[in-house]
Structures are given as C-alpha cells and as structure tokens.
Amino acid sequence: EWIVRRRRIRRSEPRDLAVLCDISGSMARYSRMLLHFLHGLGSVRGGVHSFVFGTRLTNVTRALRSRDVDQALAAVGRAVPDWSGGTRIGACLREFNQRWSRRVLSRGGVVLLISDGLDTGEGGDLALQMRRLRAACAALVWLNPLLRFRGFEPRAGGIASMLPYVDCFLPAHNLASLADLGDLFGSLPGARSRPVRRTMEATRWK
C-alpha cells in the first residue's frame, strides 16, 4: 500500500529591506554606482524598498523596477528634485519614520543606510530620528564611503550622533565593498519564516 505523508515545515525567507541612499553633493562621485547597486539588488531579491535623499526624501522603488538599468536611472533622475544638493539627514529620516516606516518595516525589515553622514541641516533631532529608525527595524546597517580612508575617525557631529544606533558600519566606495553584502544580509538576526505544507515522496508500506 502506498502512503503519502504530508507535514508542515518552516521555510526561511529574507526580511524586507529598506535602502536609504544619500545622493547629495558630497556623495556625487558614488551616486551612479550606488543606483546601479540598488537596481541590481531589487532584481535579485524581493521586498526591497529604495529611497534616495539629499534635502528631501524620494521613494524610487517603482522607478528602479525597469529591467533596463539605464531606463531605471533615467526614471530616478526625473523623480528626484534635489540631486547633488545639500544634505538634511535628520529631516529625511524624520519623513521616513513618519510616512514610510510602518509600511515597509512592519514585518521586521532591515534598513540599509548609505551616506557619508555629512549633514548640512540643523541636525537638532538627528539622534532622535536614528533611535526611532533603529527601534522600527530588525537591524540597521550603515555603508559609508569615508571608511575607505585609513585612520578615519567619526569626528563630524552628524556621524557621531548616528553611530550609537548602528549595528554594522561598513565602507561603500567601490564594487568590491558591496560584493559581500549578500552574506551580511544572511547573517543578520531573524530572517522571518513561515509554515509551508510540502508533500513528501510516496513510500510503500508492507
């Protein structure tokens, strides 16, 4: 007699990922490389929500969905009004926390912040917004191109305000520095899982 056994197992899935990428003037030399990175990330991994910011926050998730990377970057360029301008990190994080955080981090997502941390805004509540952002996510990863410099020290006020709330602080100045992020995401705490019913192979019982 043939018997088909069914059982529920738990299958792990990657957490949603919210990417906040600085495209201000001080990040201009890295912006195109980073947008290529965001486009590629969204094409191989589900649940990616992409935002860029300078003096304001812009959701570019839909713009980056085009399969053609040049078309995607052109769409981002049309959507972003503050390209290569100043940086108001605190204000942009406040907007994300108030408007987007519950939408994209409701299932315990990971935040990837890409910025040099050189805030030209008043910066009064930068630490407060970083604390709120960290409380809303499973992990906060900060990629900073300034880490390419040997002997880098977080002397700028914005960087010093942000660092206490960061789980990983890593460089982001070339493709090599971005290549191992997949392994990093896999090692972050708590990839969510859900029960899935699977049919096992039929076995013959005698």
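This passage walks through the fold, the aromatic contacts, the main pocket and three buried positions of a predicted model.

The overall picture comes first. The chain is built from 7 helices and 10 strands. Of its 206 residues, 43% count as buried. Contacts reaching across the sequence are well represented: of those between residues at least 6 apart, 82% join residues that are at least 24 apart. The accessible surface of the chain amounts to about 11,400 Å², and carbon and sulfur atoms account for 48% of that area.

Aromatic side chains offer a convenient way into the interior. The count of aromatic pairs comes to 3. One of them joins Trp142 and Phe169, whose ring centres are 4.7 Å apart and whose planes meet at 50°, a geometry that counts as tilted. Trp142 belongs to strand S7 (residues 139–143) and Phe169 to strand S8 (residues 168–170), so this pair ties together parts of the chain that are 27 residues apart in sequence. The two partners can also be described by their exposure. Trp142 has a relative accessible area of 0% and is buried, whereas Phe169, at 25% relative accessibility, counts as partly exposed. Because the buried class ends at 20% relative accessible area, Phe169 with its 25% falls into the partly exposed class.

A second aromatic feature brings together Phe51, Phe96 and Trp100, which form one cluster. Trp100 has a charged companion as well: Arg103 lies over the face of its ring, 4.7 Å from the ring centre.

Attention now turns to the largest pocket, which has a volume of about 220 Å³. Its lining is made up of 14 residues, and those nearest the pocket centre are Gly42, Ser43, Val48, Thr61 and Arg65. Two elements, helix H1 (28–44) and strand S4 (48–53), each give two or more residues to this lining. Helix H1 supplies the largest share, with 4 residues.

Helix H1 also holds Ser31. This serine is buried, with a relative accessible area of 2%. Beyond its neighbours within four places in sequence, Ser31 is in contact with Asp22, Ile23 and Trp83.

Met27 sits in the loop that runs between strand S3 (17–22) and H1. Although placed in a loop, Met27 is buried, and its relative accessible area is 0%. When residues up to four places away in sequence are left out, Met27 touches Asp22, Leu34, Ile114, Ser115, Asp116 and Pro145. Asp22 thus appears among the contacts of Met27 and also among those of Ser31. Met27 can further be related to Gly85, from which it is separated by 58 residues in sequence and by 9.6 Å in space, C-alpha to C-alpha.

Strand S3 itself contributes Ala18, another buried residue, with a relative accessible area of 0%. Between Ala18 and Val104 there are 6.8 Å in space, C-alpha to C-alpha, against a separation of 86 residues in sequence. Val104 is one of the contacts of Ala18 outside its neighbours within four places in sequence; the others are His49, Phe96, Leu105, Val110, Val111 and Leu112. Phe96 provides a link back to the aromatic side chains, as this contact of Ala18 is also a member of the cluster with Phe51 and Trp100.

Notes. Residues are numbered from 1 along each chain as its sequence is written. This is a predicted model: local features need pLDDT of at least 70, side-chain atom pairs count only at pLDDT 80 or more; totals for chains, interfaces and linings use all residues. Side-chain values use heavy atoms; hydrogens and water are left out. Buried means under 20% relative accessible area, exposed over 50%, partly exposed in between (1.4 Å probe, protein chains only). Contact means heavy atoms within 4.5 Å. Accessible areas come from the Shrake-Rupley method with a 1.4 Å probe; for residues, only the protein chains shown count as cover. Rings of Phe, Tyr and Trp (its six-membered ring) pair if their centres lie within 6.5 Å; planes under 30 degrees apart count as stacked, over 60 as edge-to-face and the rest as tilted. A charge sits over a ring if NZ of Lys or CZ of Arg is within 6 Å of the ring centre and within 35 degrees of the ring normal. On a 1 Å grid over the protein atoms alone, a cavity is a set of points where a 1.4 Å probe fits but cannot get out, and a pocket is an open set with protein on both sides within 12 Å along at least five of seven lines; lining residues have an atom within 4 Å of a point. Grid points are joined across faces, edges and corners, and a volume is the space filled by probe spheres set on the points.
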